[in-house]
Amino acid sequence: YCNAKCKNRIVDLSENYLGINSVKCLGYFLYNFDRISRLNLSKNYLGDKGAEIIINSIQNSLSLISLNISSNNITCKGGEYIFKRMMYQQSLLDLNISTIEGSIRNRLTEIGLKDIELYLKNNHLIELLNLSGNSIKNEGFILLCKGLNHNNSLTSLKISQNEIGEKGIMQGLRYIQVPIAKLTVLDISKNKIMSEGLIKLTDKLKDFSNLYSLNLSFCGFEFEAFKYLIQFLQYNRKIEILNVSGNKLKNKDFIALKPFFNFLGIKSLNMAKCNLCDESTQDLGECMEENCTIKKLNIRDNEITDDGFKTFSKLFYKNTTIEYFDCSSNFITDAGIKNLIKSLEVNTTLK
């Protein structure tokens with residue numbers, strides 16, 4: 001089956017109800033025929049024992065560069081084994097042990113990450129690491145930060161939905177004392193880092209000198225912390241993708257952001273589900289009139305009515321950068337759309 005399905009050295013066995021007996025056969029194949037470069041085993045039933053078999057089979061591989069074992073009922077025991085045995089693996093660049101929403105969970109917890117510091121210190125190949133949905137909590141985040149302080153290979157870190165709180169963010173970031181120059185993607189969404197946590201993270205972003213994409217959706221912070229972030233980003237033009245959806249950004253002082261919007265390097269801004277009201281939306285439109293970088297803007301699922309959208313639509317008379325715009329699931333009627341249509345008569349940028 002693997003020989004038949006292996007195209008461009010990629011084997012996708014996701015969602016195949018694979019259990020321990022299947023994994024034993026697959027482990028034998030991987031050990032004896034080292035020619036697969038990407039292996040997807042997500043949404044199966046590996047469990048801790050299955051994970052051990054797979055890790056033993058690929059430990060000496062020189063061809064496998066990507067392994068996806070997300071949503072496989074792997075617990076802290078499996079996590080401990082993975083990071084201990086993969087410490088000196090010589091080919092793997094991409095490791096995904098996340099949980100896919102609505103599927104079988106992986107739950108490494110902070111116990112499963114007890115060797116993550118040594119793993120990141122000794123493995124000089126790993127570039128993409130996805131630990132989302134594993135309940136690593138504050139203690140796991142602190143261990144992860146200790147490891148980042150010794151790592152110079154990681155380019156993408158995804159730790160979404162891990163029950164990391166404000167305290168964990170503030171304590172963990174203290175351990176990062178050297179520039180994390182290679183990291184370009186950071187997804188810390190769906191953790192309750194709150195406003196103080198975001199401010200602490202913003203202060204530390206200067207050490208993430210090449211960060212390109214930052215996902216802070218559903219992190220529980222409010223407008224003042226967001227303002228602090230935007231003020232910082234006028235000096236850091238490397239970040240081009242910013243997702244702050246699902247946070248409480250409704251505020252009467254939104255216009256205070258206008259001086260900073262003209263200096264942002266952001267190309268994609270997601271502000272969906274941010275409780276934006278008419279007044280906030282009007283000010284946002286004014287802030288963006290002369291912005292010349294944002295190409296993708298998402299303000300769906302907010303509290304915008306025709307009154308706010310009428311003023312906001314004037315943005316498209318002046319802005320010559322935005323190519324993609326999503327305002328779905330608001331309270332806009334025909335009257336609001338008429339104003340948008342008028343602006344589109346002169347706008348040549350929107351695709």
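Two residues are in contact when heavy atoms of theirs lie within 4.5 Å. Keep that cut-off in mind on this tour, which takes you through a predicted model.

**The whole chain**

Start with everything displayed as a cartoon. You are looking at 14 helices and 12 strands. Along the principal axes, the C-alpha atoms occupy a box of roughly 65 × 45 × 25 Å. The radius of gyration is 23 Å, which agrees with the value near 20 Å for a compact globule of 351 residues. Of those 351 residues, 54% count as buried.

Now think about how the chain meets itself. Among contacts with a separation of 6 or more, 89% join residues 24 or more positions apart.

Switch on the surface next. About 15900 Å² is exposed, and carbon and sulfur atoms supply 50% of that area. If you colour by charge, you will find 44 positive and 37 negative side chains, with the centres of the two sets 6 Å apart.

**Stop 1: helix α11**

Select residues 278–288, which form helix α11. Eight of its 11 residues are buried, so the rest of the structure largely encloses this helix. Show the side chains of Asp278, Ser280, Thr281, Asp283, Leu284, Gly285, Cys287 and Met288, which are the buried ones. What do they pack against? Add α10 (258–261), β11 (296–298), α12 (306–312) and α13 (315–318) to your selection, and you have the partners of the buried residues of α11.

**Stop 2: helix α3**

Move to residues 47–58, helix α3. From first C-alpha to last, its 12 residues reach 17 Å, close to the 16 Å expected at 1.5 Å a residue. This helix is mostly covered, with 10 of the 12 residues buried. Among the buried ones are Ile53, Ile54, Ile55 and Ile58, and also Asp48 and Glu52. To see what covers them, bring in α2 (20–32), β3 (66–68) and α4 (76–85), which are included in the cover over the buried residues of α3.

**Stop 3: serine 156**

Pick out serine 156 in strand β6. Is this residue buried or exposed? Its relative accessible area is 9%, which is under the 20% limit, so serine 156 is buried. Leaving out residues up to four places away in sequence, serine 156 touches Glu127, Leu128, Leu129, Leu183 and Val185.

**Stop 4: two residues with positive phi**

Most residues other than glycine have a negative phi. Two exceptions are worth a click.

Not far along the sequence from the last stop, glutamine 161 sits in the loop between β6 (156–158) and α7 (166–172). Its phi is positive, at about 55°, although it is not a glycine. Glutamine 161 counts as partly exposed, at 37% relative accessibility.

Then go to lysine 137, in helix α6 (residues 137–148). Lysine 137 also has a positive phi, about 60°, without being a glycine. With a relative accessible area of 33%, lysine 137 is partly exposed.

**Stop 5: glutamine 234**

Finish at glutamine 234, in the loop between α9 (223–233) and β9 (241–243). Why does glutamine 234 count as buried? The reason is its relative accessibility of 16%, as buried means under 20%. Display Phe260, Phe263 and Leu264 as sticks: glutamine 234 is in contact with these residues, leaving aside its neighbours within four places in sequence.

How values were computed. Residues are numbered from 1 along each chain as its sequence is written. This is a predicted model: local features need pLDDT of at least 70, side-chain atom pairs count only at pLDDT 80 or more; totals for chains, interfaces and linings use all residues. Side-chain values use heavy atoms; hydrogens and water are left out. Helices (H or I, at least four residues) and strands (E, at least two) are DSSP runs, numbered from the N terminus. The radius of gyration is taken over C-alpha atoms; the globule rule is 2.2 Å times the number of residues to the power 0.38. Buried means under 20% relative accessible area, exposed over 50%, partly exposed in between (1.4 Å probe, protein chains only). Accessible areas come from the Shrake-Rupley method with a 1.4 Å probe; for residues, only the protein chains shown count as cover. Lys and Arg count as positive and Asp and Glu as negative; His and the chain ends are not counted. The place of a charge is taken as NZ of Lys, CZ of Arg, CG of Asp or CD of Glu. The expected span of a helix is 1.5 Å times one less than its number of residues.
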